[in-house]
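Where is there empty space inside this chain, and which aromatic rings pair up? Take a look at the model before reading on.

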Amino acid sequence: MADGRPAAPVRAVIFDLDGTLVQTRVASWEIFRRISDRFELGVDEPEQYYRLFRGNVFASIRELCRDDAHAAEVNAAFLDLLRTEYTPPLVPGVAEVVRRLASDCTLAVMSSNAMAVLRRVLVANDLAFCFAHVFGGDVTPDKRTAMRSFLADAGTGFGRRCAADYDEADPRRDADSASTVLVTDTAGDVRDAREVGIRAVGVTWGMHSAEELTAAGAEFVALWPQELTAHLLGDAASRPPGGACAVPAIHRPAGRATTSAITPAATNDAVPDKAEAGGGCGCDCSGKGCPVARFAGPGPGPDRPRDDAARAAAIRRDRRRALVSVARTADDPVSAVSPDGRPVAGEPARRPANASSSRPSRPSTAAADELMAALRRICPTR
């Protein structure tokens, strides 16, 4: 800490979205330029727009408007465009940082953006279930209010470990102001955090420079996303993430058409096999009825599952089934199999003609250890 005392262990991390988790400078400026032109706000250059974030952006916009009614109209139009057209890319390396922190801390995210934007960005990047709390600008426009609401919540000890359910591990590790950190790219957010009484860490890849963030009161400014893990977790940062946080996101090959939870999902008939679903889907779908496609998002008809939690559960379930199948094969390599290589229930084991009459030895200790480690990552014990 700035006064030389050791910092309290971090129990909760509140992430700003724009400029911190996602690359926002160009994407958000393109949206606001249209608003400025439409309402004659006089913001004609990107740097003028970035300066609005030195304080609360809505308060800064109010100063550009004639009166409160004009400001309300501008804010409504700005949020409406953000809801429908703003989809910035994730900052490289941030997804791994979020997953690592989620295994040890309660995570929240707040933004001046609308809740619909938060959902779209987090679901598209497979990070939605890493966060236990979300504060959008259309629900909580003042970030100080969002931070105070988080601290006042009785459930700050229950995080999400990259899975739909909330962690119920015992003992609980409730967060307080000394163990709660805001991670942000703007000086205004840093000052708000300090006013509320929580700690603040800055990042240099967003709106404001390291010097501006430090001057505003940031205890540390990260040059790379991975520095966040090292600073916030200390020696614990070297431990691998636990539980569902260790499950990698589904690989979506570049340039291939894919389905996601934010776009109309293809039906099972429209996605006949893994290859047409965009490559390796990460599940044991045998080429038909892929759960990634089935649970990808809203689709026509009453029988199309629409729930993001169901999609995530289906993906995790099929990963577990695939791994259990591998485990069974390793333990009994002579089990009966069908022509396509799948086990056949109720059939006697058939040994290859050239196999020894004695039962093959079990996997080596190293192989067994590796297999059990993989099982624990997929099927965590709580």
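This report covers the cavities, the aromatic pairs and one buried acidic residue in a predicted model.

## Cavities

Rolling a probe the size of a water molecule over the atoms shows where empty space is left. Across the whole structure, three cavities reach 30 Å³ or more. The largest cavity holds about 130 Å³ of space.

Its lining counts 15 residues. Nearest the centre of the largest cavity lie Phe53, Ser112, Lys143, Thr186 and Asp189. Helix α8, residues 187-196, gives the largest share of this lining, with three residues. By class, the lining splits into six charged, six polar and three nonpolar residues.

## Aromatic pairs

A pair of aromatic rings is described by the distance of the centres and the angle of the planes. The search of the whole structure returns six aromatic pairs. One of them joins Trp29 and Tyr49. Their ring centres are 5.9 Å apart and their planes meet at 40°, so the pair is tilted. The tilted class applies because the angle is neither under 30 degrees, as for stacked rings, nor over 60, as for edge-to-face rings. This pair links distant parts of the chain, with the two positions 20 residues apart. Trp29 belongs to helix α1 (residues 25-39), and Tyr49 to helix α2 (residues 46-51).

Both partners are buried, because each falls under the 20% cut-off. Trp29 has a relative accessible area of 5%. For Tyr49 the value is 1%. Tyr49 also pairs with Tyr50. That pair is tilted as well, at 5.9 Å centre to centre and 55° between the planes. Tyr50, like Tyr49, is buried.

## Cluster and charge

Which residues do the ring pairs link into a cluster? They are Trp29, Phe32, Tyr49, Tyr50, Phe53 and Phe78. Phe53 is thus named twice here: in this cluster, and among the lining residues nearest the centre of the largest cavity.

A charged side chain also meets one of these rings. Arg25 lies over the face of Tyr50. The distance to the ring centre is 4.0 Å.

## Asp192 in helix α8

Helix α8 contains Asp192. Is Asp192 buried or exposed? Its relative accessibility is 12%, so Asp192 counts as buried, the cut-off being under 20%.

Which residues does Asp192 touch, leaving aside its neighbours within four places in sequence? The contacts are Lys143, Arg144 and Met147. Of these, Lys143 also appears among the residues nearest the centre of the largest cavity.

Conventions: Residues numbered from 1 in each chain as written. Predicted model: local features only at pLDDT ≥ 70, side-chain atom pairs only at ≥ 80, totals over all residues. Heavy atoms only, no water. 1 Å grid on protein atoms, 1.4 Å probe; cavity = no way out; pocket = protein on both sides within 12 Å on 5 of 7 lines; lining within 4 Å. Points joined across faces, edges and corners; volume = space filled by probe spheres on them. Helix = DSSP H or I, 4+ residues; strand = E, 2+ residues; numbered from the N terminus. Nonpolar A, V, L, I, M, F, W, Y, C, P; charged D, E, K, R; others polar. Phe/Tyr/Trp six-rings, centres within 6.5 Å; stacked < 30°, edge-to-face > 60°. Buried < 20%, exposed > 50% of the residue type's maximum accessible area, 1.4 Å probe, protein only. Lys NZ or Arg CZ within 6 Å of the ring centre and 35° of its normal. Contact = heavy atoms within 4.5 Å.
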